[in-house]
Number of protein chains: 2
Amino acid sequence: MSQTVDRALSILPLLARGPADLGQVADELGVHKSTALRLLRTLHEHGLVHRQQDQRYRLGARLFALAQEAVENLDVREIAHPYLAALNERIGHTVHLAVYEEGEVVYIDKVESRYPVRMYSRIGKPVAITVAAVAKLLLADLPEPERRAVAAKLDYPPYTPRSTPNAAAFLKELATVREQGWATDLGGHEESINCVGAPIRGADGRVVAAMSVSAPNVVVTAEELLTLLPQVRRTAEAISREYSGTAPTKDNG
Amino acid sequence: MSQTVDRALSILPLLARGPADLGQVADELGVHKSTALRLLRTLHEHGLVHRQQDQRYRLGARLFALAQEAVENLDVREIAHPYLAALNERIGHTVHLAVYEEGEVVYIDKVESRYPVRMYSRIGKPVAITVAAVAKLLLADLPEPERRAVAAKLDYPPYTPRSTPNAAAFLKELATVREQGWATDLGGHEESINCVGAPIRGADGRVVAAMSVSAPNVVVTAEELLTLLPQVRRTAEAISREYSGTAPTKDNG
DNA sequence: ATGAGCGTTGCACATCACGCAACGCCCACG
DNA sequence: CGTGGGCGTTGCGTGATGTGCAACGCTCAT
């Protein structure tokens, strides 16, 4: 809507592909060098863009700071974390929390066996949206038209023989997930990794986040992992209750 | 330099503090609601801002994607990683890689004992710049005036009794680090954690990154950790050689 | 029913971002 | 050592574009 801002923001994904000099930026934007310079300067002042010694521009550190703060302020995450940690304490495996946002599924928390480490390692990276248990849970709850639209637009990479092959299979899987209220990923992303997940719902019943437990084949078989499902679902429900305000937390009005 | 872009970008840190509605954004920017709306819309189209059900705005997922891609494209990181992994293989402890950028020090890679996990957990967060070994190494190499300026502007939080207390002590420590070519953090951030680090230099001798090895007291004493220093320095030097093009890597002109 | 508070829209004005052209600088080449 | 091309940079006049205003519609609480 705003031409200037639009152009400026278009520079970011451009630089995400790698450093570029003024001329390249101007060319790719289709504007005069002086215009590109002014935009880059503004981005630079805000720390979103950094200029290296060879004068080329690349994305700046402030970007990390923003991403960091953004994820810290997600209230689902804040509420869910102690539950995830407790579950992890009991069963030992890796626990994930993820949200859906405009076509993307991102992990917003992770608890590893030893101590809490947030899984920023995956944040922003295209999560295996066609196979991950959390992705299925989040997409299964979308309104029908959006669900179909998203499913149609996706790629279906054959990570393993058990990966979701196409949109039809995916939509069918989503229907199942929607019905049963939980999801799995049995070797669909990495041959030897299985996951079981459950949805976290807001007060209106809509799925606001999803959690999952992952473990490699060598530690527990898929069957054994499935025996943990009740615990996972109970945890997800407990989080849902607190998130929607029905739980006995602190005071409430 | 560009008013419109400047205003738009000012929204980001504002939203990083938490979700806000249109009125709040307009107020804090000091512009009319309609102006704020247009800016937010543009940010939204680029995925940097997300609108939640209650109509309030918060930072969007694309931000993570950008931060992710940005860190993946840092060439120091790419070159250093195999060396860090190899060192970690030998000594078992956590290995970090960090860079300095306009007043901030950020971790750009991390190798844990079991398998490589990048430490985005810290990326962008204010690293304990006054005590971390990597921070000392990076700041020690700054030109005198900038070093003094940065040191003067910093806060010196007393994480532990051994934390750097003030600018004078910090500058003195930096002088030592600069002279000896390596740095430590002995319980300056967390009482029980020690680190030793060494600088990675470019072709011109300037420090472009810093690496460190960290281990808790309970595993190895500070003295034992220091015996690893030669290995750390050798690794850093090897990375420096390859980075600056003096190493026998692939072909070279 | 009523009004307050919010986001949204269309519009007229002038601000502000635009492209141009000229400059200075650093290298690479003759 | 001179010369030219390529790069980032600057100042400026023009008009496209971002701006604030006022009016509208909506939801929610009273």
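This report describes how two protein chains meet each other and two DNA strands in a predicted model.

## How the two chains are related

Chain A can be superposed on chain B by a rotation of 180 degrees with 0.0 Å of shift along its axis, and the RMSD of that superposition is 0.1 Å. That is the relation of a two-fold axis. The interface follows this relation, for 100% of the interface residues of chain A are also interface residues in chain B, so the copies meet through the same surface.

## The interface between chains A and B

In the predicted model, 52 residues of chain A are in contact with 53 residues of chain B. Between them the two chains bury about 4,900 Å², with 62% of that area on carbon and sulfur atoms. On the side of chain A, the residues that lose the most area to chain B are Met1(A), Phe64(A) and Glu101(A), which together account for 14% of what that side buries.

Polar and charged pairs also cross this interface: the rule finds 11 residue pairs in polar contact, both residues being at pLDDT 80 or more, and four salt bridges. The elements that give two or more residues to the side of chain A that touches chain B are α1, α3, β2 (57-59), α4 (62-72) and β4 (104-111) of chain A. Of these, α4(A) supplies the largest share, 11 residues. Sorted by class, that side of chain A has 24 nonpolar, 13 polar and 15 charged residues.

## Salt bridges

A search of the whole structure finds 16 salt bridges over all chains. One of them is formed by the side chains of Glu104(A) and Arg62(B), with 3.3 Å from N to O. Because Glu104(A) lies in strand β4 of chain A and Arg62(B) in helix α4 (residues 62-72) of chain B, the pair joins two chains. With the chain letters exchanged, the side chains of Glu104(B) and Arg62(A) likewise meet in a salt bridge, again with 3.3 Å from N to O.

## The surface near DNA strand C

DNA strand C is surrounded by 20 residues, and the closest of them, drawn from both chains, are Thr35(A), Gln3(B), Thr4(B), Leu37(B) and Arg41(B). Among the atoms of this strand within 4 Å of the protein, 74% belong to sugar or phosphate, while the rest belong to bases.

Several individual approaches to the phosphates of DNA strand C can be located in the model. An N or O atom in the side chain of Arg38(A) is 2.8 Å from a phosphate oxygen of the strand, and a polar side-chain atom of Arg51(B) lies 2.9 Å from a phosphate oxygen. Gln3(B), by contrast, uses a backbone N or O atom, which lies 2.8 Å from a phosphate oxygen of DNA strand C. The elements that give two or more residues to this surface are α1 (3-16) and α3 (33-45) of chain A together with α1 (3-16), α2 (22-29) and α3 (33-45) of chain B. The largest share, four residues, comes from α3(B), and the residues of the surface divide into four nonpolar, 10 polar and six charged.

## The surface near DNA strand D

Around DNA strand D there are 21 residues, of which the closest are Gln3(A), Arg41(A), Arg7(B), Thr35(B) and Arg38(B). Sugar or phosphate accounts for 73% of the atoms of this strand within 4 Å of the protein, and bases for the rest.

Three residues of chain A serve as examples of how the phosphates of DNA strand D are approached. A phosphate oxygen is 2.6 Å from an N or O atom in the side chain of Gln3(A), another such distance, 3.0 Å, involves an N or O atom in the side chain of Arg51(A), and a polar backbone atom of Thr4(A) is 2.9 Å from a phosphate oxygen of the strand. At least two residues of this surface are supplied by each of α1, α2 (22-29) and α3 of chain A and α1 and α3 of chain B. Here α3(A) gives the most, with four residues, and by class the surface has five nonpolar, 10 polar and six charged residues.

## Positive phi angles in two loops

Gln55(A) has a positive phi of about 75 degrees although it is not a glycine, and Gln55(A) lies in the loop between β1 (49-51) and β2 of chain A. In chain B, Glu102(B) has a positive phi of about 45 degrees, although this residue is not a glycine either, and its place is in the loop between β3 (94-101) and β4 (104-111) of chain B.

Note on methods. Residues are numbered from 1 along each chain as its sequence is written. Chains are lettered from A and ligands numbered from 1 in the order in which they are written. This is a predicted model: local features need pLDDT of at least 70, side-chain atom pairs count only at pLDDT 80 or more; totals for chains, interfaces and linings use all residues. Side-chain values use heavy atoms; hydrogens and water are left out. A residue is near a molecule or strand if one of its heavy atoms lies within 4 Å of it. A polar contact is a pair of N or O atoms within 3.5 Å; within protein, one must be able to donate a hydrogen and the other to accept it, and residues adjacent in sequence count only if both atoms are side-chain atoms. Ala, Val, Leu, Ile, Met, Phe, Trp, Tyr, Cys and Pro count as nonpolar, Asp, Glu, Lys and Arg as charged, and the others, Gly among them, as polar. Contact means heavy atoms within 4.5 Å. Buried area is the accessible area (1.4 Å probe) that two parts lose on being put together, summed over both. Copies are superposed by least squares on the C-alpha atoms of residues with pLDDT of at least 70 in both.
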